[in-house]
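Here is a short note for a colleague who is opening this structure for the first time. Please read the points with the model in view.

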Amino acid sequence: MVKIVGVRFRNAGKVYYFDPKNYKLQSGDHVIVETARGVEYGTVVGGVRPVEESAVTQPLKAVIRAATAEDDARAQRNRAREKDAMRICQEKIAKHGLEMKLIDAEYTFDNNKVLFYFTADGRIDFRELVKDLAAVFKMRIELRQIGVRDETKILGGVGICGRVLCCHSYLSEFAPVSIKMAKEQNLSLNPTKISGVCGRLMCCLKNEQDTYEYLNSRLPSSGDTVTLPDGSKGEVSGVNVLRQRVKVLVDVDDEKELHEYDVKDLKFRPRRRKDKGNKDKNSKGNASAKGNTDAEDKELAKLEALDKKEGKSKLDDN
């Protein structure tokens, strides 16, 4: 067993693990650690705990020290300097006429480097911009192109649920999201209703996916034939996934009537639940939705393609 402590360098950022040495650290404490970017100031999450050696990447870097009042003041000064860095970089971008949107500026704790995060539609030749910025700041300059999800994670906002965005408040890493998840949850496949503030598929589609997959596997599909408690047959008209209720069309005196049953009172062939590792064989045309216009279907396909292309977050690189 080895003791570790989780450290986060930005709000809702990725958690990295370090050797706490003999420091008594608790969640919320600030520490100074060495990373690939140099000496950094981070916040402890979760406190010190023992884990198996195989569960962490070796060699495990050690915490340099618990942050002092002087370290806290230095970190605050860096945050204040970042506002000026943003203003200067904006001026230089306008001077060079570059098609890029500056999102954030960040000083490393040791003031060895300043990073600028930006978004752009394509590749940007910013070599002259870097030269100008280096002449002003007299330190290493790094410009990092990020995606719209990362932009939203930095800037924050409020989702359609009325709460602070998940990515800005607690979501440390982006999980892959697909149109199939919206279908599984029986949501409207209108692009405007399943897209987040960032314009990509909502991250929260992933939150209940496993639950819906399990509940759906216990229900028949619309159009299936089921055996009713009295032994007669009926055709499934619809299902209530969360209540586990099934609406069935039954023949009553040469007429069709709609009755509702608890799923456990019906007999039918259950769905075959797909393994997570298996790809959906019918994935072609997966973004197509019944009742959608061609424009909406194209927008859905575009959303799914952009999600796959954007990949993982580029904010944390320690």
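1. Start with the vocabulary. Helices and strands here are DSSP runs, numbered from the N terminus, with at least four residues for a helix and at least two for a strand. By that count, Phe118 belongs to strand 7. The model is a predicted one.

2. Overall make-up. The chain holds seven helices and 12 strands. It has 318 residues, and 41% of them count as buried. Its exposed surface is about 19,300 Å², with 48% supplied by carbon and sulfur atoms. Among contacts with a separation of 6 or more, 59% join residues 24 or more positions apart.

3. Confidence. Mean pLDDT for the chain is 87. A pLDDT of 70 or more is reached by 90% of the residues. Take care with residues 275-286, where pLDDT stays under 50. For that stretch the model has nine contacts beyond four places in sequence.

4. Is Phe118 buried or exposed? Its relative accessibility is 1%, so Phe118 counts as buried, the cut-off being under 20%. Beyond its neighbours within four places in sequence, Phe118 contacts ten-odd positions' worth of side and main chain that include Met100, Leu102, Ile124, Phe126, Leu143 and Ile146. The C-alpha atoms of Phe118 and Val148 are 9.5 Å apart, with their positions 30 residues apart along the chain.5. Main core. Which residues have the most contacts inside the largest nonpolar core? They are Met100, Phe116, Leu133, Phe137 and Leu143, in a core of 19 residues. Helix 1 (69-96), strand 6 (101-107), strand 7, helix 2 and strand 8 (140-145) each give this core at least two residues. Helix 1 has the largest share, with four. Met100 touches Phe118, Ile124, Leu129 and Leu143, among others, once residues up to four places away are set aside. Another core lies apart from this one. That core has 13 residues, including Tyr212, Leu215, Val248 and Leu266. In soluble globular proteins, nonpolar side chains tend to be buried together.

6. Aromatic pairs. The whole structure contains five. In one of them, Phe9 and Tyr16 are tilted, at 5.9 Å centre to centre and 50 degrees between the planes. Phe9 is buried at 15% relative accessible area. Tyr16 is buried too, with a relative accessibility of 15%. Phe116 and Phe137 have ring centres 5.9 Å apart and planes at 50 degrees, so this pair is tilted. Phe116 is in strand 7 (residues 113-119) and Phe137 in helix 2 (residues 127-137), so the pair links distant parts of the chain, 21 residues apart. Both Phe116 and Phe137 are buried. Ring pairs also join Phe9, Tyr16 and Phe18 into a cluster.

7. Charges over rings. Arg74 lies over the face of Phe109, 4.9 Å from the ring centre. Arg81 has its charged end over the ring of Tyr107, at 4.2 Å from the centre.

8. Helix 3. Why is helix 3 (residues 148-155) called largely enclosed by the rest of the structure? Six of its eight residues are buried, so the description fits. The buried residues include Arg149, Asp150, Glu151 and Lys153. Thr152 and Ile154 are buried as well. After helix 3 comes Gly156, with a positive phi near 75 degrees.

Key
Residues numbered from 1 in each chain as written. Predicted model: local features only at pLDDT ≥ 70, side-chain atom pairs only at ≥ 80, totals over all residues. Heavy atoms only, no water. Buried < 20%, exposed > 50% of the residue type's maximum accessible area, 1.4 Å probe, protein only. Contact = heavy atoms within 4.5 Å. Areas by Shrake-Rupley, 256 points an atom, 1.4 Å probe, with all protein chains shown as cover. Phe/Tyr/Trp six-rings, centres within 6.5 Å; stacked < 30°, edge-to-face > 60°. Lys NZ or Arg CZ within 6 Å of the ring centre and 35° of its normal. pLDDT = per-residue confidence, 0-100. Core = buried A, V, L, I, M, F, W, Y, C linked by side-chain atoms within 4.5 Å.
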